[in-house]
Amino acid sequence: MSPSAAQPERAPLTIYTARRVVTMDESLPEATAIGVIGDRIVCVGDADGMQAWREGRKVTVDDRLKDRVLLPGFIDNHVHPFLGALLLPTEIIAPEDWRRPDGGVARAANNPREYLERLKAWIADRAGKDEWLISWGYQPPVHGKLTRRDLDALCPDAPLLLQQRSFHEVFVNTRAMEKLGVRRDMVAGHPQVNWEDGHFFETGRWLAMHRLMPWQMRKEWYHRGLGMLAQLCMQGGLTTIGDQLFGAVDPEYELAAIDAEIESKRLPLRVVNVLDARNFGNRAAGVKVGPPDQPIDFEKGLAVMERMLARGTRQVKFARAVKLFADGAMFSQLMQLGSPGYADGHHGEWLMSPEVLAAGVRTFWRAGFQIHVHVNGDAGMDAVLSALEAAQREVPRLDHRFTVHHLGFHAAAQSRRLAALGAVASVNPYYLHALGDAYSVLGLGSDRASQIVRAGSLVRAGVPVSFHSDYPMAPTEPLFLAWCAATRRTRSGRVAAPTERLTLEQALRGITIDAAHALFIDHEIGSIAAGKRADFTVLGENPRDAGPERLKDIPILGTVFDGELRLLPNPATSVHAARAMARSALAYRPVDPACCATAGDHCDVIREFAHWARQALLGQYPKRVTS
Ligand SMILES: [Zn+2]
Ligand SMILES: [Zn+2]
């Protein structure tokens, strides 16, 4: 074909102009325009300098964002969509502020009076309209103790259920007892049920929760909840989230819900699924979830996973990656600590014993999977490092991106071992903000409490660090997480271990390019560069002008997702923006490890919810809760 022959029509070019484009690409850190064809970036620079791409194309200059600042679409590589789906349709009345999916804020109730007022107003509004009244966030030490009689007086006619903030307890009125079908003779002698008070705790809450779960697993609840989570992600400026426990409930059910609520509705959000190694293994082997040292048939699970990997769609990606667990959670102080241990002498817990963890690491390492591990204490980290070291010795691998998640407290020497073994870290910097003050007087002591999530020295040791919300453990607000890591301000406003603060650039990398790196998709997203997906987060202010202290106050205006601009109806800022950090009166107390040995961890709670949900789907629990 001669050059003069008619060329096929070239795809149109859209040039987005901006006050500033913060690319997070070291070679071209800033720009003022981005050329986009379809869902891809083709050129970054200024609007006049894109001649090579204008030739023979229809060119549209989109200047709706000309006064705005564009960053790469934010990424949170550790979220739990199914837990958000179960939680979000409840009425949130908690000891801290939470953003609501409708764009409003569920303000903190900081004392019994505030809590009762909020509860009463909600009951008056909803009783008779909803079959169940379910509220999450009740914290008796802050909100005062409420018994079944109190709840009956507040709500005599409708079933009312209060979920405790940490999910460890449930409080119900008499109508709820009847509707759940829990009779006095069924709970007689149960040490963790108080029938008179309508209080179900620890193992006792199974009695209530597994009967409630069929209600929450209905599409009307679960799908709605997932849609609400997607709204929260959009308000945080997120364009990609990692589901760090895909398949915990039922892979087909979870995929169908994502399809119905996110993809079919064309919401601007991509989900990267990381597979739940324990549940895939147990399901394939027909084994129930057991104690932490119960062997898991990882090989059987692997065969099922391999088939699952082909199920990706435009917005749902399957990473060739699995999730494993080491020790207990930070919020319940059940992480495994090395010497000198907990000041009060209690001990941590394993979620997978070091032997089970090592077996999982070995199986998936040899299969060439990327491995993500939940780990919180320094003794937990020792188990993880040993497993990784053994795998690396047996079958050396390069660029494996073995990712450790959370890192509540780890030792300085472990940062260098992580680097030497080629691991990367995804941390939850909210831990320090939420727990730094409380843990300096509880369990850890002031020195170790101030070193919670020591991200600064990790980066200096050469470990890439990204941030996650682990939603609902922290809000889906990347700029707030970046603020936590860059300022290390605790609830009281003090700066804890200032040498562990990240620079502004490192903090921004943690929610963009380094977050993408940990999901193995940094060739596709995470920075603004030619060839990558056209995902941008639209901000009202340049974070480099705002500086670390004001990161959380920057308004999110919307996103561009796969080349398409999607502005929010109203700008969103963090619920933590511009308010005195000391205002919150949350008196944080870890759960009592004595009664939590089997169920004392947030991630254990996640596992239990997954178990209840699965049973509800399989119909092993009463499908219909009769009145
Ligand atoms: Zn976890
Ligand atoms: Zn998690």
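How many bridges join strand β19 to strand β20, and in which sense do these strands run? In this predicted model, four bridges link β19 (residues 403-406) to β20 (residues 424-427), and the two strands run parallel. Within this pairing, Thr403 stands opposite Val424 of β20.

The pairing belongs to a broader arrangement. An open sheet of eight strands, paired in parallel, follows the order β6-β15-β16-β17-β18-β19-β20-β21. The edges are occupied by β6 (74-79) and β21 (465-467); each has a single partner strand, so one side of each lacks a neighbour in the sheet. From one strand to the next, the twist averages 25°.

Strand β17 (residues 316-325) is largely enclosed by the rest of the structure, because seven of its ten residues are buried. Strand β16 (residues 270-276) runs parallel to β17 and is joined to it by five bridges; here the bridge partner of Val272 is Lys317 of β17. Five bridges also connect β17 with strand β18 (residues 370-375), again in the parallel sense. In that pairing, Ala321 has Gln370 of β18 as its bridge partner.

At the level of the whole protein chain, the secondary structure comprises 23 helices and 24 strands. The C-alpha trace spans about 90 × 60 × 50 Å along its principal axes. The radius of gyration of the protein chain is 24 Å, which agrees with the value near 25 Å expected for a compact globule of 627 residues. Buried residues account for 56% of the 627 residues. Of the contacts between residues at least 6 apart in sequence, 73% join residues at least 24 apart.

Strand β1 (residues 13-22) is mostly covered, with eight of its ten residues buried. Its pairing with other strands occurs in both senses. Strand β4 (residues 59-62) runs parallel to β1 and is joined to it by four bridges, with Ile15 opposite Val61 of β4. Strand β5 (residues 69-72) likewise pairs with β1 in the parallel sense, over two bridges; Val21 has Leu70 of β5 as its bridge partner. Strand β2 (residues 30-37), by contrast, runs antiparallel to β1, and six bridges join the two. In this antiparallel pairing, Thr17 is matched with Ala33 of β2.

Among the helices, α16 (residues 430-441) has ten of its twelve residues buried and is therefore largely enclosed by the rest of the structure. The buried positions are Tyr430, Tyr431, Leu432, His433, Ala434, Leu435, Gly436, Asp437, Ala438 and Tyr439. These buried residues pack against α17 (446-450) and α19 (478-487). Gly443, which follows α16, has a positive phi, near 80°.

A helix-helix contact is formed by α12 (residues 298-308) and α13 (residues 354-366), whose axes come within 10 Å and cross at roughly 40°. The two helices are therefore oblique to each other, and their crossing is right-handed. Phe298, Glu299 and Leu302 of α12 make the contact with Ala359, Gly360, Thr363 and Phe364 of α13.

Several backbone features are located in loops. A cis peptide bond, with omega of about 5°, joins Ser339 and Pro340. Pro340 is placed in the loop between β17 and α13. The loop between β17 and α13 also contains Gln333, which has a positive phi of about 50° although it is not a glycine. Gln333 has 30 C-beta neighbours inside 10 Å and therefore counts as buried.

Arg266 likewise adopts a positive phi, near 55°, in a residue other than glycine. Arg266 lies in the loop between α10 (251-263) and β16. Because Arg266 has 13 C-beta neighbours inside 10 Å, this residue counts as partly exposed. A cis peptide bond also joins Tyr471 and Pro472, with omega of about 15°; Pro472 is found in the loop between β21 and α19.

Methods:
Residues numbered from 1 in each chain as written. Chains lettered and ligands numbered in written order. Predicted model: local features only at pLDDT ≥ 70, side-chain atom pairs only at ≥ 80, totals over all residues. Rg over C-alpha atoms; globule rule 2.2 N^0.38 Å. Buried ≥ 20, exposed ≤ 12 C-beta atoms within 10 Å, placed from the backbone. Contact = placed C-beta atoms within 7 Å. Pairing = 2+ DSSP bridges. Axes fitted to C-alpha atoms, helices over the stretch in contact; angles between N-to-C directions. Parallel < 35°, antiparallel > 145°, perpendicular 65-115°, else oblique. Left-handed = near helix turned anticlockwise from the far one by under 90°.
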